[in-house]
Amino acid sequence: MAEISRRKLLKTGAAAVGASTLGAPMLWAQNIKDITLRQFGTGVSNLNEVATKVKEDLGFTLEMTALDSDSVTQRAATQPKSFDIADIEYWICKKVWPTGNLQAMDVSKIKNYDKIVGTFKSGKLTPESVIAQGTAPHTVGFVDGVDGKEFASEETGWMTLIPTIYNADTLGIRPDLIGRPISSWTELLNPEFAGKASILDISSIGIMDAAMVCEAMGEIQYGDKGNMTREEIDKTMAIFTEAKKAGQFRAFWKSFDESVNLMSSGEVVIQSMWSPAITAVRSKGIPCVYQPLKEGYRSWGGGLGLSANLSGLELEAAYEYINWYLDGWVGGFLMRQGYYSAVPETSKNHMSEDEWGYWFEGKEAKGDIASPFGDVLETAGAVRDGGSFYDRMGAVACWNAVMDENQYMVRKWNEFIAA
C-alpha cells in the first residue's frame, strides 16, 4: 500500500510541478533516487547486474522480474498496472500492442536513434539484404503517431519498442558426443539421435524451428514460415508428432536453465538453444557448439516498451534508462553472451579490442575470451560459431512470429506436446 501511495504521489507531484521540475537538474537528482521502475521480461536480459548498474549510474531503482515468453506475453496483455517497462520480443508486441497497454515512444528523445541498425528501421541490415519471413521487427516497430493503433510500414518517429537485443538462433550440439559434422536443420529429426534430441516448448518459437526442419527435409515448401496456413500447420505438426511417438525427443524445455541442464548432462546432444545457454554450458568446460546450418538462422529481436500508465517524472526516468541502455555498457555485457546490441558501435567502447574482434567481427581470439561473469569461454585461436555479425545476421531465414492462425497453431502445438 505504501508503495502505491508513494508512486501516486510521485506522479501527481511530477504533474503538478510540470516541465519546470523536469528542466531542473537539482530537483531531478533529488527526486530520481526515490523512483522505482518495475521491469519484466525473459531471463535473457532481465539480469541483476543491469539493475545494479542502473542504481550506480542513474540513481533510481529498477525492479526486475524474469518470466518465460508465454508468461511475459500474458502479463503484458492482461496486467497493465503490474509493470512500468516491458522487456519483450517483437512477436510478442504483435499480441500486446492492440491491447493499448503500451505507449508509443518519441524517437526524438532517443539520443542514439540514428545509430540503431537498419534491421529495426527498414528491415534491411545492409541495402542488399533480403527481408526474412516471419514477424520481422520493423513490421511492428512503428505506429503512425502518439496514439497510433496500427503498425506503420516505415519510420514515423514513434516506436512501439526501442530495440535492444537480438540474435541469429540455431541448434546447439555436443560435438564430443556426436562425433561428426552437422550442417542441416534436418539433423534434429535424424533417428541417429533418437531419445537425445530436444525442442523448446514455446509454441510461437518452437513452430519456427519445426518449420526450418520440415523445409530442410523437403517435406513442406512454405509460402511464409512465419504465417502458415492451417494445412501447413497440420503437416508440420504431423511430422513432429510422428517423430515424438517414435521416441525422438528426450524432453521439451521452456526455460534457459532446463536447456543448459539437458545439454550439460549429455542427456541431449542436439536441440533448440539460445546463445547464453551455449555460453553457460561451455563455461563449465563442456564442449557445446551453436552450429551454423546451411539453411540459415531463425532470428528474434527484443526491445523495451513503456506502460501506457507511465507519466511525469517516472516517464522521464524511463527514457533516461533507455538512453543509458543504448549507451554501450549493457550492449557490451550482452555481447559477451553472444547477443547483439541494437547500437553495436556504442558497445565497442565497453569491450576490449580482442572481445570486439571475436564477438562482432568474427576474428580469431588473441587471448582468453570470458563471459560477462568472468568465466573463460574460449582461448587464443578460437573463432566464433558462424563468424561475424554480418555473416550471422545476414543469413537469417525467418523471425519468430505470430501467425494469423495463431490460436489454431497453439492448439495443434499443445496436441503435439501431449501426444
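Which residue stands opposite Tyr290 in E12? In this predicted model, that place goes to Gly172. Strand E8, covering residues 171-173, is joined to E12 by 3 bridges, and the two run antiparallel.

Zooming out, E8 and E12 belong to an open sheet of 5 strands, ordered E10-E9-E11-E8-E12, with mixed pairing. Strands E10 (249-253) and E12 (289-291) sit at the edges; each has a single partner strand, so one side of each goes without a neighbour in the sheet. On average, and ignoring direction, neighbouring strands here are turned by 25 degrees against each other. Helix H7 (residues 203-216) lies across two of the strands, E9 (197-200) and E11 (270-272), and runs at about 130 degrees to E9.

Next comes the largest pocket, which holds about 440 Å³ of space. It is lined by 23 residues, and those closest to its centre are Gly43, Val44, Leu47, Phe256 and Asp257. Helices H9 (256-265) and H10 (275-282) are the elements that give two or more residues to this lining, with H10 supplying the largest share at 3 residues. By character, the lining splits into 11 nonpolar, 8 polar and 4 charged residues.

As for how far to trust all this, the mean pLDDT of the protein is 91, and 93% of its residues reach 70 or more. The start of the chain is another matter: over residues 1-24, pLDDT stays under 50, and the model has 22 contacts beyond four places in sequence for that stretch. Where pLDDT is low, predicted coordinates should not be read in detail.

Terms used
Residues are numbered from 1 along each chain as its sequence is written. This is a predicted model: local features need pLDDT of at least 70, side-chain atom pairs count only at pLDDT 80 or more; totals for chains, interfaces and linings use all residues. Side-chain values use heavy atoms; hydrogens and water are left out. pLDDT is the predictor's confidence in each residue, from 0 to 100. Contact means heavy atoms within 4.5 Å. Two strands pair if DSSP finds at least two bridges between them. Helices (H or I, at least four residues) and strands (E, at least two) are DSSP runs, numbered from the N terminus. Axes are lines fitted to C-alpha atoms, for helices over the stretch in contact, and angles run from 0 to 180 degrees between N-to-C directions. On a 1 Å grid over the protein atoms alone, a cavity is a set of points where a 1.4 Å probe fits but cannot get out, and a pocket is an open set with protein on both sides within 12 Å along at least five of seven lines; lining residues have an atom within 4 Å of a point. Grid points are joined across faces, edges and corners, and a volume is the space filled by probe spheres set on the points. Ala, Val, Leu, Ile, Met, Phe, Trp, Tyr, Cys and Pro count as nonpolar, Asp, Glu, Lys and Arg as charged, and the others, Gly among them, as polar.
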